[in-house]
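Ready for a few exercises with coordinates at your elbow? Load the entry in your favourite viewer and work through the tasks at your own pace.

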Protein chains: 2
Amino acid sequence: MLRVMPKASDKKEKLIESAGKLFHQVGFNQTSIADIAEDSGVPLGNVHYYFKTKADLISEVLDNRKKSIESWFEEFEKLPNPKDRLVGMLGDMEKMKHKVVKYGCPVGSLCQELDKERMPVAKQADGLIKIQLKWVIAQFRELRKKDAEELGLHWMSSIHGTALMANALKDSKVIDSEIARLKSWIKKI
Amino acid sequence: MLRVMPKASDKKEKLIESAGKLFHQVGFNQTSIADIAEDSGVPLGNVHYYFKTKADLISEVLDNRKKSIESWFEEFEKLPNPKDRLVGMLGDMEKMKHKVVKYGCPVGSLCQELDKERMPVAKQADGLIKIQLKWVIAQFRELRKKDAEELGLHWMSSIHGTALMANALKDSKVIDSEIARLKSWIKKI
DNA sequence: GTCTATATGTTGATAGAC
DNA sequence: GTCTATCAACATATAGAC
């Protein structure tokens, strides 16, 4: 007899979602498992059924973010011109600028925090920066730039530095200004 | 009769120094007062005689850092050409690049961490970025640049973004590359 | 799978002897 | 001023009933 497979609990998904949000807004260390349980509506003691440790939890959050970055790039690949793809990346930055002003870059700020830990998960966070950088460099290569690596580093530094400045100054105009600068720069080169 | 004033205890100074070092290397949240006591050689219970709360401690650390930034600028003011002053700023970045690779920027990474707290001290950290930015903009103004504000923002974003990238990639060449880029950029404009 | 109750450890901060 | 001893709160993680 056919039996409908029980739908995998969506509690795990909810926990990852809440954890990702709170780690961004409040930081990893400042977010307790109790906070995550409350935000997701899952009882405190139940969290450890899905995630053995807090490190496992952030590890899955980072894994999720990696997948979303990758599918993000897949979307851009549909554009034939690498310049348009890079401009598309700026468009996404524009979209989330208000969150960046409030809480910093969801990737960059987490990297800086975790790099101070002695946890293996820090390398996983740094990996997110690396795949972004790798993709950006690939775009410059496709544009036949010989110094593609340096250009890619400059691009990524500008973006992450802008996020940090906007967060520190609490001013989204910082992001507008730098997006405009990068757009005109990419056009010229 | 003359009496030599008792030399103010240097314990407070030692505590601030250790706290500053550890907040940079390990982060604010991950550094316990016990860690600071141990590093500075001051008994745990004695810390609270000098600093009522942990927030008071970081507040004085930030105050110290502000003074050092200001005396740093005073030194640069001796140079007649604003371009040389900005290049001097890059020289200081070069000097501390290995620490930045290991622990991130001592100002930027702390700002990002504290901005996620709900503590008044976050604004004090952001203030450090603001006085740096203000000084940089002043240099561009002296160079008669009409878009001095944008240029200053770009300069600061580049520096802080580079620090974040170097920390994430664990590679000091990132800093070398961006310093070279900023040096040639400042020459041309 | 789900949840309550709780063990265990660490934290920031205090009280009070010297 | 200095330091020991300790409190109270909170953290992560676990045990075990349902």
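Below are five exercises on this predicted model, each with a worked solution.

**Exercise 1. The two protein copies**

Task: Find which rotation superposes chain A on chain B, and work out how the copies are related.

Solution:
- Step 1. Superposing chain A on chain B takes a rotation of 180°, with 0.0 Å of shift along the axis, and leaves an RMSD of 0.0 Å.
- Step 2. The two copies are therefore related as by a two-fold rotation axis.
- Step 3. Look for the residue of chain A that comes closest to this axis: A:Gly161, whose C-alpha is at 1.7 Å.
- Step 4. Compare the two sides of the interface: 100% of the interface residues of chain A are also interface residues in chain B, so the copies meet through the same surface.

**Exercise 2. A histidine in helix H9**

Task: Decide whether A:His160 is buried or exposed, and list what A:His160 touches beyond its sequence neighbours.

Solution:
- Step 1. Locate the residue: A:His160 belongs to helix H9 of chain A, which covers residues 148-169.
- Step 2. Its relative accessibility is 4%. Buried means under 20%, so a residue below that value qualifies, and A:His160 counts as buried.
- Step 3. Leave out residues up to four places away in sequence; in chain A the contacts of A:His160 are then A:Cys105, A:Gly108, A:Ile129 and A:Gln132.
- Step 4. Add the partners from chain B, namely B:Gly161, B:Leu164 and B:Met165.

**Exercise 3. Rings and charges**

Task: Classify the aromatic pair of B:Tyr49 and B:Tyr50, then find which lysine lies over the face of A:Phe28.

Solution:
- Step 1. Over all chains, the structure holds 18 aromatic pairs. In the pair of B:Tyr49 and B:Tyr50, the ring centres are 5.1 Å apart and the planes make an angle of 80°.
- Step 2. Planes over 60 degrees apart count as edge-to-face, and that is the class of B:Tyr49 and B:Tyr50.
- Step 3. B:Tyr49 has 66% relative accessibility and so counts as exposed.
- Step 4. Over the face of A:Phe28 lies A:Lys54, at 4.3 Å from the ring centre. In chain B, the charged end of B:Lys54 sits over the ring of B:Phe28, 4.4 Å from its centre.
- Step 5. For a cluster, turn to A:Trp72, A:Phe73, A:Phe76 and A:Trp135, which form one aromatic cluster.

**Exercise 4. Around DNA strand C**

Task: Find how many residues surround DNA strand C, and which of its phosphate contacts involve A:Asn46, A:Tyr49 and B:Ile33.

Solution:
- Step 1. The count is 13 residues, the closest being A:Lys11, A:Asn46, A:Tyr50, B:Ile33 and B:Lys54.
- Step 2. Of the strand C atoms within 4 Å of the protein, 77% belong to sugar or phosphate, and the rest to bases.
- Step 3. From the side chain of A:Asn46, a polar atom lies 3.0 Å from a phosphate oxygen of strand C. For A:Tyr49, a side-chain N or O atom is 3.2 Å from a phosphate oxygen of this strand.
- Step 4. B:Ile33 uses its backbone instead: an N or O atom there lies 3.0 Å from a phosphate oxygen of strand C.

**Exercise 5. Around DNA strand D**

Task: Identify which helix gives the most to the surface near DNA strand D.

Solution:
- Step 1. Collect the residues around strand D, including A:Ile33, A:Lys54, B:Lys11, B:Asn46, B:Tyr49 and B:Tyr50.
- Step 2. Helix H3 of chain B (residues 44-50) gives the most, with four residues.
- Step 3. Check the phosphate oxygens of strand D: one is 3.0 Å from a polar backbone atom of A:Ile33, and one is 2.8 Å from a polar backbone atom of A:Lys54.
- Step 4. Finish with B:Lys11, where a polar side-chain atom lies 2.6 Å from a phosphate oxygen of strand D.

Technical notes
Residues are numbered from 1 along each chain as its sequence is written. Chains are lettered from A and ligands numbered from 1 in the order in which they are written. This is a predicted model: local features need pLDDT of at least 70, side-chain atom pairs count only at pLDDT 80 or more; totals for chains, interfaces and linings use all residues. Side-chain values use heavy atoms; hydrogens and water are left out. Rings of Phe, Tyr and Trp (its six-membered ring) pair if their centres lie within 6.5 Å; planes under 30 degrees apart count as stacked, over 60 as edge-to-face and the rest as tilted. Buried means under 20% relative accessible area, exposed over 50%, partly exposed in between (1.4 Å probe, protein chains only). A charge sits over a ring if NZ of Lys or CZ of Arg is within 6 Å of the ring centre and within 35 degrees of the ring normal. Helices (H or I, at least four residues) and strands (E, at least two) are DSSP runs, numbered from the N terminus. Contact means heavy atoms within 4.5 Å. Copies are superposed by least squares on the C-alpha atoms of residues with pLDDT of at least 70 in both. A residue is near a molecule or strand if one of its heavy atoms lies within 4 Å of it. A polar contact is a pair of N or O atoms within 3.5 Å; within protein, one must be able to donate a hydrogen and the other to accept it, and residues adjacent in sequence count only if both atoms are side-chain atoms.
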